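Hi everyone, thanks for coming. Let me put the structure up on the screen, and then we'll walk through two parts of it together.

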Amino acid sequence: MSRTTPKRTAVAVSAAVLLLPLSACGGDAEAGSGSTVTVTVGYQSRTINTVTAGTLLRSLGSFEKQLNARHDGITYKVDWQDYATGAPITAQMTAGKIDIGSMGDFPLLINAARGKQLNSPTRLVSVTGYNLRGGLNTIVTAPGSKLASLKDLKGKKVSTSVGSAADGTLVRALQRAGIDPNSGIEKLNQQPSVGASALTAGSADALSQFVAWPGLLAYQGKAKALYDGARLNLPTFHGVTAREDFAKERPAVLDAFLKAQAEATEYLNDHPVDAAEKVAKATGLPAEVVYLYNGAHGIATFDPAIKPQLVSALKKDVAILKSAKLTGDVDVDSFVDDQYVKKALGPTAYAKQLATKPAPAASEAWPKGASKTVTFTSPSQLLRYVAGHRDAVRAAYVPDTTTGTLWFADKAVWVADGSKLLPFVAPETAQAYIAGHSGARVVSYADALGQAS
């Protein structure tokens with residue numbers, strides 16, 4: 001990797017899908033005769049924090065190039081299978097029909113448990129996108145909602161995907177707010193798209209989801225943030241899992257995949273705007289939303305190394321899944337296997353990746369027609385720029401003053417504290433700041449722009 005500072009989905013898992021008979025699954029994981037081998041990769045194109053092992057990787061053709069460069073007399077074909085969640089990927093993997101898959105941390109644990117249960121073990125072999133504070137998951141409400149804090153969710157209908165990292169965020173956040181996550185709310189177990197529709201229709205009061213749904217709905221004006229998952233200060237991430245038998249039988253193929261993932265990661269880090277455009281084209285998501293998460297100072301950091309902090313977080317996640325009766329105990333240490341990515345990157349480069357930290361928080365403006373963003377040292381500087389280029393800015397981003405989570409400047413909650421203008425993702429975080437700073441007050445985005453200029 002050429003950079004010392006790496007750039008930074010959680011996946012909804014349906015317990016019902018995981019319990020379907022495996023005979024219901026179809027497709028071939030490794031169909032080959034003679035000198036032809038087909039490698040099947042399960043990915044989630046719209047869970048954009050897995051793009052270095054999915055959407056972007058496929059767009060760049062890096063995996064195929066690595067395989068073709070082997071010159072071992074074998075013709076390799078890659079079968080890319082796109083799914084909306086991690087559940088069907090797990091079902092197909094344990095049936096021997098997917099070789100390599102990517103998903104979020106909670107679904108990874110279900111993948112590990114399901115593989116062991118069916119005597120078809122899988123291994124976590126690398127990481128895609130992560131946030132060390134938990135900012136990949138957000139709870140949102142309708143734009144006109146009067147809900148202003150987590151405590152306001154008591155007795156309300158909240159949509160989430162049970163077994164996903166977003167559900168884990170909801171459970172933990174409610175517990176901290178003194179609300180029983182089982183009896184204190186009416187939880188609606190829904191796929192992200194269904195939950196988004198329910199929020200828009202008014203049949204759900206709030207939605208707890210993973211990247212890119214909260215940012216997408218906010219960008220579209222269909223939701224506003226209620227809770228920033230980074231307030232939990234617990235890492236959340238996405239990773240790559242491989243079938244153990246596949247990894248042992250074809251280590252060279254897995255090595256090629258991980259080398260290709262490293263190339264895609266480097267490309268994303270070195271060309272964040274172009275990478276966002278490529279992912280947007282492949283998924284139909286707005287590039288502005290992709291950049292919010294995957295940009296130079298985005299919510300996610302991309303780095304294939306399996307960091308100790310992430311393994312530690314994975315162990316803490318087991319209790320949440322057990323309480324929901326989605327898994328029993330999971331042996332995380334035996335599930336995590338970094339030997340393959342360490343070999344693919346090389347021991348020196350891998351050690352360097354383990355030691356790297358996320359890029360520091362910063363404000364950014366994306367001028368229309370530009371292939372690069374403009375970075376600012378403070379939100380006030382960004383506001384002055386936007387005020388002077390109102391019709392020439394494609395998107396503007398600011399980091400939450402408390403958590404560092406990037407958010408759209410025009411969707412943020414702004415607080416004026418003397419001459420300082422401070423952005424926050426959610427109103428509760430802003431109010432927590434105001435409570436400790438006499439004279440600080442919430443102001444509109446328009447007023448913030450006027451004060452900055």
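Let's begin with two helices: α5 and α13 are roughly perpendicular to each other, because angles from 65 to 115 degrees count that way and theirs is about 75 degrees. Do keep in mind that this is a predicted model. If you'd like to find the pair, α5 covers residues 105-117 and α13 covers residues 308-323. Their axes lie 10 Å apart.

So which residues of α5 and α13 meet? On the α5 side we have D105, F106, L109 and I110. Across from them, α13 brings L314, D317, V318, I320 and L321. Sort the residues of this contact by character and you get 7 nonpolar and 2 charged, with no polar ones.

Now please turn to strand β5, residues 137-141. Is this strand mostly covered or mostly open? Mostly covered: 5 of its 5 residues are buried. The side chains take turns, if you follow them along: N137, I139 and T141 point one way, while T138 and V140 point the other way. Both groups are buried.

And what are the partners of β5? One is strand β8, residues 206-210, which runs antiparallel to β5 and is joined to it by 5 bridges. Another is strand β9, residues 224-228, also paired with β5 in the antiparallel sense, over 4 bridges. I139 is a nice residue to click on here: it stands opposite S208 in β8, and it also stands opposite Y227 in β9.

That's my tour, and I'm happy to go back to any view you'd like.

Key: Residues numbered from 1 in each chain as written. Predicted model: local features only at pLDDT ≥ 70, side-chain atom pairs only at ≥ 80, totals over all residues. Heavy atoms only, no water. Axes fitted to C-alpha atoms, helices over the stretch in contact; angles between N-to-C directions. Parallel < 35°, antiparallel > 145°, perpendicular 65-115°, else oblique. Contact = heavy atoms within 4.5 Å. Nonpolar A, V, L, I, M, F, W, Y, C, P; charged D, E, K, R; others polar. Buried < 20%, exposed > 50% of the residue type's maximum accessible area, 1.4 Å probe, protein only. Pairing = 2+ DSSP bridges.
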